[in-house]
Structure formats: C-alpha cells, structure tokens
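Please open the model in a viewer and keep the sequence panel visible. The tour below proceeds by selection, one stop after another.

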Amino acid sequence: MIIRNVTVVDGTGGEPLTGAEVEVADGRFVAVRPATGQEPAIDGRGGWLVPGLWESHTHLSGLAFFQPAEKRVGHVSEALAGFVRAGITSVVNLGGPLDLELAVREHRRTAKDPAAELYFAGPVFTGIGGWPVLDNAEMAAAGHQIDDPDVAYRLALELAEQTDVIKCIYDGEPGSPTKLPRAALRAVAAAAHEKGRKVLVHVCRRVDLEEAVEAGADCIEHAFLPEHPGSDEEAADMAKLLAQNGTLYCPTLVTWEQLGRNGEAAYLEELVADGVITADDIPRITGSPFYGRPFPHHPADECRVRFDYAMRTLRMMHDAGVEIVAGSDVSMMMPSPPVALLRELQLLAKAGLPLPAVLAAGTRHAAGKIGLGDEAGTITRGAVADALLLDADPLTDVAHLVNPAHHIGVLRKGRFLTSD
C-alpha cells in the first residue's frame, strides 16, 4: 500500500518531507520518498503524516475493576478500540493483574475491529501494604508486596518473561514497611535489565527520584513534589541528573491537574475553552462518583504544587537534555481515557516544550521508554506502520495534533482507517 500526497513528519527530529509518499508492506514501513505517481495510492489529501501516538502510562485494568469480572476483558478491549479512533495506536498499561492483561492480549489476537496495541507491566513492585495496594484486598493482585531483595529479584525475573516492562512504586516514608526497600528496587532493576526489560519507577519526592536513578530506573514516572516550590533549583538539579544518566521523564501533568482541581467548575470550563471536552460532557463528569472526592494517597494541595512546579520547570528540563515522555495515568475528569493523553500533549505545549518535542514525547520517546525505539514510534524503514494523518501542520499548533477535527485517518499496522 502507498499513501501519496502527504508531508511526512517522521518523528526522528529531522525536517518534514513535503510532496512525499509512504510505502507499507506486511504492517511495516518499507519506504518514505518523494512521490513518484507511478502506482495506485491512497490520497493523503495534502495532509501531514506523523507517527501514531502512544499513551505510555495508563491503568486500563484499574478502570476494569469497576466492571463485573466476566466483562473486564471486553471492557479493556473496547477501550483499546477507542484509543485507535483517537489516533493513539499504542497503549502501555502500567500496573494490573497479569491474568487480565494476558487475557486481553489473547482476545485482541482474534478480534476483528482495529485497536491500539497493548503493552503491559503486570503487577507493580511495592512495599508491604504499599501504594496502590494499601488495605484493598482486591488490588492485591495488581502488586508484588516486597520486603526482601532476593524475593524481589526472583519475582522480577519471572515477571519479565511475561511482560513488556517492569514497574516499581518507590513512594513513601524512608524505612516504612509500605515503601519498597531501596535494595529491593536495585534488585528489581538488575533482574529486569538481565532480561532486556526497561524499569519504570513511580516517585513522589526528590530523594525518591535520585535513588531511583541510582538504582537503574529507565524512566521516572510522575513529576516530583518539590521541597521548595518557590525555587527552580531542585528542577535544575534533577534535570542534570536525568540528562547525565539518560533517564527519561514522564511527568503525567494531566494527573496532577485533575487531582488538584477535582470539583472545580472553573477547571471544567477551562477544559471546554481549550477544546478538551464539550459542554455536553460536563453533566456526566460531575455525576461521576469520583467528582469532588479526595483521591487516596494524593492530597489535592500537593497535586496542585506538583502540577504548578512541573509546568514552570519542564521547559528547563527539556533544554537540559532530558527526554520527556507523554503519559496521562488517570482520566477521572475526562470523557474517555484517550482524551487524557491528548490533554497531556496539550499541557506539554502549554509548559513551553517546542512542538517537535511534544510530538517526540507522544511517539519516539514513548516507544523508547519500553525498549521499542528501534522498531516503533517513527515513520522510518522497518518500523511498525502506525501513523496519524492530519489536515494541518502539527509543528505550528498543537491543536492540529490533539483536536480530532484535524484527524483525517489512522494507519494501524498498515491498515488505513479514515475518520469519515
């Protein structure tokens, strides 16, 4: 298949190729070249072809827990179909029962409808009764509760055989049994790397970030809570640390925005003004059981601090050489999980990231975060043929990337799906 009459923004950071055509075979890109006009082709309508977007941090299996057990596989599968309709072709589920994730993957192998590719971490590594398990017995299957480095190493070796990535929760008071021991974090990272898996580490404070990087984290999940919110010094220090170690950073801005402003009518009005939701979405959002309620483990005032600090300092981190990754985590105040990822990209632009960096955060860097940077996340020879066709240049306005009105169609493993 050939798509002709497009400008290709291939996601590598190079200059766009105008008047181009893209050839696909067996679900992979085989050529990106100036248009020849010699063979039948799909008309790209003069649009811009960019790599398919990635949601690199979500919790679909967590949302599925609100469904009856027999409906959970179908619920996640339907969510993946919703992602691809939004131009998001790959989804990374960071924490959930392994049996559910394996069952969804098997279900998708035989399903006929197009859907985003699912990658997953299985149960996270946390302390005894730590976040997100705490005292919720039903959530126990979503976590390995660890107090012994040898046990952590053995379980990580086993888990890496079945998952795409390993996730650790490194959050809590030092020395508390609910916090994953530092030695156990090192053990998990060593085992994961031995099996060729990336290690993603959820942090809260600066010290958590520093110790996670020292332990071998490949990506830090969540913007950290600063000790001194009025000073940019901590962000500068962390930027230097991350850049020197090649550690990626996934700030999940939209998480802290939602949790910090949950229950604010002005926040919903802002989302409408920014084109994220419509006025018709508001009654459903305000009618949700989550609306206006405190979120466990993350007080609203702390979430606002994390959001404001990250928004102010993220450009500094980018300029220091830190590779930023887009991931949304929660979607409580959004009409659907895909919308949360689109809002995250919008927030990255609002934080001052150049638009090529915003695109990289939602494509190449996200694929690299789980070790697939050589075969996905770009429009290059040999990469998986996932792409999003837009009717306007995404490097001039982030709205051209995140507003579905600008989406002409989606290429999913070489199958072209129009938005008409």
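Select helices α2 and α3 first: their crossing is right-handed. This is a predicted model. Helix α2 covers residues 72-85, and its axis lies 9 Å from that of α3, at an angle of about 60 degrees. The angle is neither under 35 degrees nor within 65 to 115, and α2 and α3 are therefore oblique to each other.

Next, display the side chains at this contact. On α2, select Arg-72, Val-73, Val-76, Ser-77 and Leu-80; the residues they meet on α3 are Leu-100, Ala-103, Val-104, His-107 and Arg-108. Coloured by class, the contact of α2 with α3 shows 6 nonpolar, 2 polar and 2 charged residues.

Keep Arg-108 selected and turn to the second largest pocket, which holds about 400 Å³ of space. Which of its lining residues are closest to the centre? They are Arg-108, Ala-115, Glu-117, Arg-412 and Lys-413, out of 17 residues in the lining. Two elements, α3 (98-110) and β7 (117-120), each give two or more residues to that lining. By class, the lining of this pocket comprises 10 charged and 7 nonpolar residues, with no polar ones.

Now move to a second helix pair, α6 (residues 206-215) and α7 (residues 233-245). These helices pack with their axes 11 Å apart, at an angle of about 15 degrees. An angle of under 35 degrees counts as roughly parallel, so α6 is roughly parallel to α7. Is the crossing of α6 and α7 left-handed or right-handed? It is left-handed.

To view this contact, select Arg-206, Leu-209, Glu-210 and Val-213 in α6, together with their partners in α7: Glu-234, Asp-237, Met-238, Leu-241, Leu-242 and Asn-245. The residues of the contact of α6 with α7 comprise 5 nonpolar, 4 charged and 1 polar.

The last two stops concern the backbone. Go to the loop between β8 (124-126) and β9 (143-145), where Pro-132 is found. The peptide bond leading from Trp-131 to Pro-132 is cis, and its omega is near 10 degrees.

Finally, select His-297, in the loop that runs between α10 (282-286) and α11 (300-319). Although His-297 is not a glycine, its phi is positive, at about 80 degrees.

Terms used
Residues numbered from 1 in each chain as written. Predicted model: local features only at pLDDT ≥ 70, side-chain atom pairs only at ≥ 80, totals over all residues. Heavy atoms only, no water. 1 Å grid on protein atoms, 1.4 Å probe; cavity = no way out; pocket = protein on both sides within 12 Å on 5 of 7 lines; lining within 4 Å. Points joined across faces, edges and corners; volume = space filled by probe spheres on them. Helix = DSSP H or I, 4+ residues; strand = E, 2+ residues; numbered from the N terminus. Nonpolar A, V, L, I, M, F, W, Y, C, P; charged D, E, K, R; others polar. Axes fitted to C-alpha atoms, helices over the stretch in contact; angles between N-to-C directions. Parallel < 35°, antiparallel > 145°, perpendicular 65-115°, else oblique. Left-handed = near helix turned anticlockwise from the far one by under 90°. Contact = heavy atoms within 4.5 Å.
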